[in-house]
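My notebook is open, and I want to look up a handful of things in this one. Entries follow in the order I got to them.

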Amino acid sequence: METYDALLASITPATGQNSRTILDPATGEAVGQAPVHTVEDLEAAIAAAATAQPEWAALGHDARSAALMKAADAVERSAEELAQLLSREQGKPLNGPNARFEVGACAAWLRATAATPLDPETVVDDGETRAELHYRPIGVVGAIGPWNWPMMITVWQIAPALRMGNAVVVKPSEYTPLSVLALAAIINEELPDGLLTVVSGGRDVGEALASHDAIGKVMFTGSTATGKAIIRSSADTVKRLTLELGGNDAGIVLPDSDPKAIAEGLFWGAFINTGQTCAALKRLYVHESQYDAVCTELTAVAAAMPMGNGLDENNVLGPLQNRQQYDIVARLVEAAKASGARVLIGGNPDADQPGNFYPTTLVADIDNDNPLVAEEQFGPALPIIKYSTVDEAVAKANALDVGLGASVWSSDLGAAREVASRIQAGTVWINKHGAVDPRVPFGGAKQSGYGLEFGAEGLKALGVPQVING
Ligand code: NAD
């Protein structure tokens, strides 16, 4: 699309269609109109997907990959307009690891997914038995997503699904439908009609998608509670599921680390997308020998990071996307303050300000069982917990029933890897946190979900394994 207005116009519902106004979380002003789709619209989208899918599957990997490459080019051509819309609707700033970064990741993931090889595997070939493992298309895949990284997570779900020969029906979050509709409109410039449809409905549409007998698989990213509901509603049709659920990632700073050198990495590990990130650092465990130095360095970094309206090129932190999430963060910080924990910075929201801005908040001298530590805050507030022995830190890191990511910070790579091997999480990063890569599998442990995304493992998850024996 050549302009922002043209992009917005391309997804604006026709007069007379059911719609609702989406508000900018920084200002409370209208961003645009989103269609309110119903279960009937979902039925139509699934029917169109089922019609389009066989021909798409018959094209083969090379032609499908070529279409995804073209879709990446189309996203790049409209990158600035997409970033503007994402910034207004989600709230994340254009700059920093935010809106422009997210749109760039969409193009990168489309290309990497297209380029990942997936050949049939000869499992046995001993003269008597010959068995080959293939991955066949599933059919129609449902993709249900959250509001924090709406464009990027949609690409994570739809790119491998399309590459593997499936059609996709997407149910975006009610909070950020415009971003997903706009992204899909751009990608659809390169795809056959009906293959990819966004149904911008509420929870009822999500439930109907997760229980529909024509849907072979659901890719779900969102909260653990909704993931459990989807397991239940998909049970009668024995759907395949990939579940990327909530996390409460621990970071452990070992006694030999360099506080000044790691402070900025720690900050962005926790505050990327203003803390609204599934695999963000949400509990920081620091050895007592370095506790004060880490608190001081981290506070200095936090104080230097501007927060404000995302369209201001200066800002790198934005508002919470919605009031519900703002209230969760405010409640957890208040609980920490009431317990006597020490606020190093922030914790004092300006009630008169329009928008959902919660200041960057660091909380020290806090107990491990405080709600700010034990619950997922999903916002700009980081608790910093002091520990005495590494065994104690590992035990505390592993004490929760979620395990998406974790990190270990140390100047000694060998020591860090040894500690990493003892942490119950789908990914453990060393001297960084939350860095995802389209070539590297990503998924959760414990109640953070199951199934892997990205790379060849991610492609396999969007196919039905079939053995040809003979
Ligand atoms: P959410 O679970 O409230 O909503 C996610 C989606 O599910 C929305 O589109 C919603 O409409 C839909 N939905 C709600 N109820 C449903 C039901 N019963 N059946 C089918 N669909 C239903 O999550 P959210 O608040 O949008 O996102 C925040 C959460 O997502 C956090 O917990 C975060 O950690 C998690 N998350 C995880 C990852 C990951 O990769 N593991 C990535 C991003 C976010």
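Which residue follows helix 10, and is its phi positive or negative? I found Asn273 there, with a positive phi near 55°. A reminder to myself that I am reading a predicted model.

**Helix 10**

I stayed with helix 10, which covers residues 259-271 and has 13 residues. From its first C-alpha to its last I get 17 Å, close to the 18 Å expected at 1.5 Å a residue. I then listed its buried residues: Pro259, Ile262, Ala263, Leu266, Phe267, Trp268, Gly269, Ala270 and Phe271. What do they pack against? I noted strands 10 (249-253), 11 (281-287), 13, 14 and 16 (405-409), plus helix 11 (291-303).

**Glu244**

Next I checked the UniProt record, an unreviewed entry, which lists Glu244 under "active site". I placed Glu244 in strand 9, residues 240-244. Is Glu244 buried or exposed? At 4% relative accessibility it is under the 20% cut-off, so I put it down as buried. I left aside neighbours within four places in sequence and looked at what else Glu244 touches. The contacts are Phe220, Thr221, Gly222, Leu404, Phe442, Gly443, Gly444, Ser448, Gly451 and Glu453. One of those contacts, Phe442, turned up again in an aromatic cluster with Trp109, Trp156 and Phe454.

**Aromatic pairs**

How many aromatic pairs does the whole structure hold? My search gave 11. I wrote down Trp147 with Phe378: the ring centres are 5.4 Å apart and the planes sit at 85°, so I call the pair edge-to-face. Trp147 is in the loop between strand 5 (140-144) and helix 6 (150-163), while Phe378 is in the loop between helix 13 (371-374) and strand 14 (381-387). The pair therefore ties together parts that are 231 residues apart in sequence. Trp147 is buried at 11% relative accessibility, and Phe378 is buried at 11% too.

I also noted Tyr326 and Tyr358, an edge-to-face pair with 5.7 Å centre to centre and 70° between the planes. Tyr326 belongs to helix 12 (residues 323-338), and Tyr358 to the loop between strand 12 (342-345) and strand 13 (361-364). They are 32 residues apart, and the pair links distant parts of the chain. Tyr326 is buried at 8% relative accessibility, and Tyr358 is buried at 1%.

**Charges over rings**

Two for the list. Arg88 lies over the face of Tyr4, 4.4 Å from the ring centre. Lys92 lies over the face of Trp149, 3.7 Å from the ring centre.

**Thr176**

Where does Thr176 lie? I found it in the loop between strand 6 (167-171) and helix 7 (177-187). Its relative accessible area is 0%, so it goes down as buried. Setting aside neighbours within four places in sequence, I have Thr176 in contact with Glu89, Gln90, Pro146, Trp147, Pro150 and Gln321. Trp147 is one of these contacts, and I had already met it as the partner of Phe378.

**Cysteines**

Last entry: how many disulfides are there? With sulfur atoms required to be within 2.5 Å, I count 0 disulfides. I looked at two cysteines anyway. Cys278 is buried, with a relative accessible area of 18%, and Cys295 is buried at 4%.

Notes
Residues numbered from 1 in each chain as written. Predicted model: local features only at pLDDT ≥ 70, side-chain atom pairs only at ≥ 80, totals over all residues. Heavy atoms only, no water. Buried < 20%, exposed > 50% of the residue type's maximum accessible area, 1.4 Å probe, protein only. UniProt positions renumbered as here; feature names shortened; annotations may be inferred. Helix = DSSP H or I, 4+ residues; strand = E, 2+ residues; numbered from the N terminus. Contact = heavy atoms within 4.5 Å. Phe/Tyr/Trp six-rings, centres within 6.5 Å; stacked < 30°, edge-to-face > 60°. Lys NZ or Arg CZ within 6 Å of the ring centre and 35° of its normal. Expected span 1.5 Å × (residues − 1).
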